[in-house]
Each structure stands twice: as structure tokens, then as C-alpha cells.
Amino acid sequence: MIGVTLSLLLALSPAAVTEIPKNFLFTEREARVPLSPDDAAEQGYKISDRLTAPFELNPCGHRRAVDRGRTAARTISHWTTGPSESAEQLVLYRSPRAAHAALTGLRAEAARCARKGDPSAPTLKIQWRTTKVKAGDEAMGMGYRTRQDGNVDQTVTGVVARRGSALIIYRTDEGDYDPGRLTKNARKMAVKVCGLPGVC
């Protein structure tokens, strides 16, 4: 009887997504178009489905993911000789609770590693911050500024949003710190991920 009940519960429970459809991310179609040699010298994309990839917003500088319960992930990064860098990342989890725990952990890391230096560049100081934004079920803006010899060297802006069992990240180093400008895509993706089975 217990076995029958367990089997019924498993059958009724939404299955965790183990694969993100091709071209699901907003930047993905463009990222998959082959570049001419001239264009490839000026810009490039990298697409990764590595499950252990660290978050694109990574205050403590982990080389591998430290969160738990991932079932699928896709990361698309873009660089130009401008120079500039941006990224779009989608990580799916076994449950909304696991996704919430990942977001909570990321917020804690932004506080724990808010101020740090680079041993290879003693005069370089990195300062992380978080701000409130609205997207999905819960979200936060986050990013950092680097200062060298008292001058701002680089500003990185990002937004992290959770919808159901999905975590969505957008990051750019263009412009001043302003997570609000990234929430449009975060909100759109928060709607789109609900089309995947078991996410919402």
C-alpha cells in the first residue's frame, strides 16, 4: 500500500527539468550564429551547459558552483574589444526551495565578500553591493566597482531573479551601476521559464 501511494505521489509530482531547450535564452540565437573572421576578432560568444559553472555574479570568486540541487544550467557570455562583457545565465533546480536557498546564499556572499582585494594587484579594491529590484518571485540587483589608486576602474551591474525553481542572472559592465535596466529581460525570462515543466 505504501509503495502504491509513493508511486502515485511521484507520478503526480512535477518532474524537474533536466535539459534547457535550444535557443531558450534571449541571447542564444545570436550567440549560435557563426562570425566572420573580421567579426570574430572584435567580439565573441561562449555557450556552456556545464552544471558546475559558477554564478555569473560571483562575489567570493568560486571556480565551481557551491549551491545544491541543480538539474540544468546554461550560461551565455559575450565579449567585445570595446572592451565590454555581458552574460545571461539560467539555472534550474529540483525545487523552488533549492532555488530560494541558492539566491539566499548569493545574497550572503555579497555581504561576506563585499570588500576584497586582489593579491596580484595590491592597489586594486573590489566593492560589492546589492539593491532591491522587482522581478519574478524574488530578486535583487547586485554588482561591484573596482577602484585603483582611488579611481573607479570598472563597474559591473547585475540582476538575479528567482521564479519557481529557476534562477535567472543578467550581468553587464557597460554604464554605471543600475540594475533596474536589466530587470526587463529578467521579468520576461521569469514568465518564459514557466513554460518549462515543473518550474512554476
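The following exercises, each with a worked solution, concern a predicted model of a protein chain.

**Exercise 1. Overall composition**

State how many helices and strands the protein chain contains, and give the order of its elements.

*Solution.* The secondary structure of the protein chain comes to 5 helices and 8 strands. Read from the N terminus, the elements follow the order α-α-α-β-β-β-α-β-β-β-β-β-α. The protein chain has 200 residues, and buried residues account for 42% of them.

**Exercise 2. The disulfides**

Determine how many disulfides the structure holds and which cysteines form them.

*Solution.* The general idea comes first. A disulfide is a covalent bond between the sulfur atoms of two cysteines.

Step 1. A search of the whole structure yields 2 disulfides. The cut-off requires the two sulfur atoms to lie within 2.5 Å.

Step 2. C60 and C113 form a disulfide, with their sulfur atoms 2.0 Å apart. This pair links distant parts of the chain, 53 residues apart. C60 lies in the loop between β1 (43-48) and β2 (70-80), while C113 lies in the loop between α4 (96-112) and β4 (115-118).

Step 3. C194 and C200 form a disulfide as well, and here the sulfur atoms are 1.9 Å apart.

Step 4. With bonded cysteines counted along the chain, the disulfides follow the pattern 1-2, 3-4.

**Exercise 3. Handedness and exposure of the cysteines**

Decide whether each disulfide is right-handed or left-handed, and classify C113, C194 and C200 as buried, partly exposed or exposed.

*Solution.* Step 1. The link of C60 and C113 has 100° about the S-S bond and is right-handed.

Step 2. For C194 and C200 the torsion about the S-S bond is about -75°, so this disulfide is left-handed.

Step 3. Buried means under 20% relative accessible area, and exposed means over 50%. C113 has a relative accessible area of 15% and is therefore buried. C194, with 29%, is partly exposed. C200 counts as exposed because its relative accessibility is 57%.

**Exercise 4. Salt bridges of R171**

Identify the residues with which R171 forms salt bridges, and state where the partners lie.

*Solution.* A general remark prepares the way. Side chains of opposite charge can pair when their charged atoms come close.

Step 1. The count for the structure comes to 10 salt bridges.

Step 2. One of them joins the side chains of R171 and E56, at 2.6 Å from N to O. The pair links distant parts of the chain: R171 belongs to strand β8 (residues 166-172) and E56 to the loop between β1 and β2, 115 residues apart.

Step 3. R171 also meets E85 in a salt bridge, at 4.0 Å from N to O. E85 is in strand β3 (residues 84-93), and this pair likewise links distant parts of the chain, 86 residues apart.

Step 4. The relative accessibility of R171 is 10%, so R171 counts as buried. E56 is partly exposed at 23%, and E85 is partly exposed at 43%.

**Exercise 5. A pair within one helix, and a network**

Explain why R112 and E109 are separated by about one helical turn, and name the residues linked in a network of salt bridges.

*Solution.* Step 1. R112 forms a salt bridge with E109, the closest N and O atoms being 3.5 Å apart.

Step 2. Both residues belong to helix α4, and they are separated by about one helical turn because they are 3 residues apart.

Step 3. R112 counts as exposed at 56% relative accessibility, whereas E109 counts as buried at 9%.

Step 4. The network of salt bridges links E28, R32, D49 and R74.

**Exercise 6. The positive patch**

Name the residues of the positive surface patch and the helix that gives the most to it.

*Solution.* Step 1. K22, R29, K184, K188 and K192 form the positive surface patch.

Step 2. Helix α5 (residues 183-192) gives the most to the patch, with 3 residues.

Step 3. K192 is found in helix α5. Its relative accessibility is 30%, so K192 counts as partly exposed.

**Exercise 7. The setting of D149**

Locate D149, state whether D149 is buried or exposed, and give the separation of its C-alpha atom from that of L124.

*Solution.* Step 1. D149 lies in the loop between β6 (138-148) and β7 (151-163).

Step 2. D149 counts as exposed because its relative accessibility is 61%.

Step 3. D149 and L124 are 25 residues apart along the chain, and their C-alpha atoms are separated by 7.3 Å.

Conventions. Residues numbered from 1 in each chain as written. Predicted model: local features only at pLDDT ≥ 70, side-chain atom pairs only at ≥ 80, totals over all residues. Heavy atoms only, no water. Patch = residues over 30% accessible without salt bridge, like charges linked within 9 Å, V, L, I, M, F, W, Y side chains within 5 Å. Areas by Shrake-Rupley, 256 points an atom, 1.4 Å probe, with all protein chains shown as cover. Lys, Arg positive; Asp, Glu negative; His and termini not counted. Charge placed at Lys NZ, Arg CZ, Asp CG, Glu CD. Helix = DSSP H or I, 4+ residues; strand = E, 2+ residues; numbered from the N terminus. Buried < 20%, exposed > 50% of the residue type's maximum accessible area, 1.4 Å probe, protein only.
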